[in-house]
Amino acid sequence: MAEIFNTNQSKTVLAKFKHKIDGLAPADDFEKQRNSLIRLVIGSMENKPEQWDELCQINIQWIGDSFINRLADEENELSKERLDDICSMCFRFLFELYLSMKNDLAIEFEAARRFVFNNVESFEHNAKEQIEYAIRDMPVNIFKAIANSDAIDSLKNFNAISAKAEKLKDDWDSDLSEREARVNSLKESLAKYENAFNFVGLYQGFDELSIEKKKERDGILLWLRVLSVLIVSPIVAELVFVYLHLDNISTVKDGLLVSIFPTLSLIAISVYYFRVLLFNYKSVKSQLLQIDLRKTLCRFIQDYSDYSSKMKKKDANSLDKFESIVFSGIVTDDGSLPSTFDGMDQIEKLIKAAKS
């Protein structure tokens, strides 16, 4: 929007010219009313420049600069012809304001407009032509200028623009739906990957524990074999020794009696620890079995949880059985574990019998 009245320069020009009009002495009633019209319009332009800029755009483009320059001209005197020309310009702005406003003009402006309508013949030739143009042709030209403006062209093309906007909206909706579908698909995939990763991590934890338990089992099995050999070795050694000394058995009899008690003690202790290791071996095998069960459960828990989530509407504890197995401690049944002094009473009785 072009602005011509709402500037400091224009306000200064309007104020100075209004002061000049106040200092004039009109020769007759026509000049008095003419000067009053000029003063009324210029005073309103000075006080409400935004309104005149907004509603008088056509005449601002046509005569705006010429009007301000005519008011600012201080070299030429204010003759009747010059004042009539300025009045005709003021009338053009006033008439466009009248045509652009939704409401009627104020009483004083309406009176000024009617003054010009009723006294056209009293103006000088150039001013008279401007007034007749404003009354007869200017409304049509204003309408033509508005009808050919960009805003009206946009209204003329409203249907095409609306169809284009509708198509663009449909394209956006379609693209948005596709993107939303892809986002939802990625979301589901990420959720599956997250669950799968959690269960893979749990499975790996059980697998690492299984490896440790297998090492423990292999170590116990090794010591079981060692103790098996250790239990049998003293007996075999005694038999071999007796076999080699059958000819002089009476000579080595005392030595055999003395060595039999340490041998039996060694065998008894070895048997005791063999029992302990055997129990630990069975316990480790049981633990490995439980760990393998947990590893197996971790492989199908994701599908099982999806199924059970549907079943929770009927049964809220559908995963309790799984959780009680997977997250329970590894059972080590120590109810049959032999105590440290288990079997010592038999060894004590054997020693007392030998002394007697």
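## A first stop: Val240

Val240 is partly exposed, with a relative accessible area of 43%. This valine belongs to helix α10, which covers residues 158-244. Val240 also helps to make a nonpolar surface patch of about 610 Å². The other members of the patch are Val232, Val236, Tyr243, Leu244 and Leu246.

Keep in mind as you explore that this is a predicted model.

## The whole chain

Let's step back for a moment. The protein chain has 13 helices and 0 strands, so a walk from the N terminus meets one α element after another. Of the 356 residues in the chain, 28% are buried. The accessible surface comes to about 23800 Å², and carbon and sulfur atoms account for 56% of that surface.

How do parts of the chain that are separated in sequence meet? Among contacts with a separation of 6 or more, 77% are between residues 24 or more positions apart.

## Leu71, a buried leucine

Is Leu71 buried or exposed? With a relative accessibility of 3%, Leu71 counts as buried, because the cut-off for buried is under 20%. You will find Leu71 in helix α4, which spans residues 57-72.

Leaving aside neighbours within four places in sequence, Leu71 is in contact with Val13, Leu14, Phe17, Ile42, Arg82 and Ile86. Another pair to look for is Leu71 and Lys18: they are 53 residues apart in sequence, yet their C-alpha atoms are 9.4 Å apart in space.

## Arg82, a charge without a salt bridge

One of the contacts of Leu71 is Arg82, which sits in helix α5 (residues 80-100). Arg82 is buried yet has no salt bridge. Why does Arg82 have no salt bridge, with Asp73 as the nearest side chain of opposite charge? Asp73 is 4.3 Å away, and a salt bridge has to be within 4 Å, so this pair does not count.

Which backbone oxygen does the side chain of Arg82 reach? That of Arg70, at 2.9 Å. Beyond its neighbours within four places in sequence, Arg82 is in contact with Arg70, Leu71, Asp73, Asn76 and Glu77.

## Salt bridges to look for

Side chains of opposite charge can pair when their charged atoms come close. The structure holds 15 salt bridges, and three of them are described here.

Helix α5 offers one example: the side chains of Lys80 and Asp84 meet in a salt bridge at 2.8 Å, N to O. These two residues are 4 residues apart in helix α5, about one turn of the helix. Lys80 is partly exposed at 28% relative accessibility, whereas Asp84 is buried at 0%.

Helix α6 (residues 107-118) holds Glu110 and Arg113, which are 3 residues apart and so separated by about one helical turn. Their side chains form a salt bridge at 2.5 Å, N to O. Both partners are buried: Glu110 has a relative accessible area of 18%, and Arg113 has a relative accessibility of 9%.

A third salt bridge joins the side chains of Arg217 and Asp218 at 3.4 Å, N to O. Arg217 is partly exposed at 25% relative accessibility, and Asp218 is partly exposed with a relative accessible area of 41%. Some salt bridges also share partners, and in this way Arg34, Lys80, Asp84 and Glu124 are joined into one network.

Technical notes: Residues numbered from 1 in each chain as written. Predicted model: local features only at pLDDT ≥ 70, side-chain atom pairs only at ≥ 80, totals over all residues. Heavy atoms only, no water. Buried < 20%, exposed > 50% of the residue type's maximum accessible area, 1.4 Å probe, protein only. Lys, Arg positive; Asp, Glu negative; His and termini not counted. Polar contact = N/O pair within 3.5 Å; in protein donor to acceptor, adjacent residues only side chain to side chain. Contact = heavy atoms within 4.5 Å. Patch = residues over 30% accessible without salt bridge, like charges linked within 9 Å, V, L, I, M, F, W, Y side chains within 5 Å. Areas by Shrake-Rupley, 256 points an atom, 1.4 Å probe, with all protein chains shown as cover.
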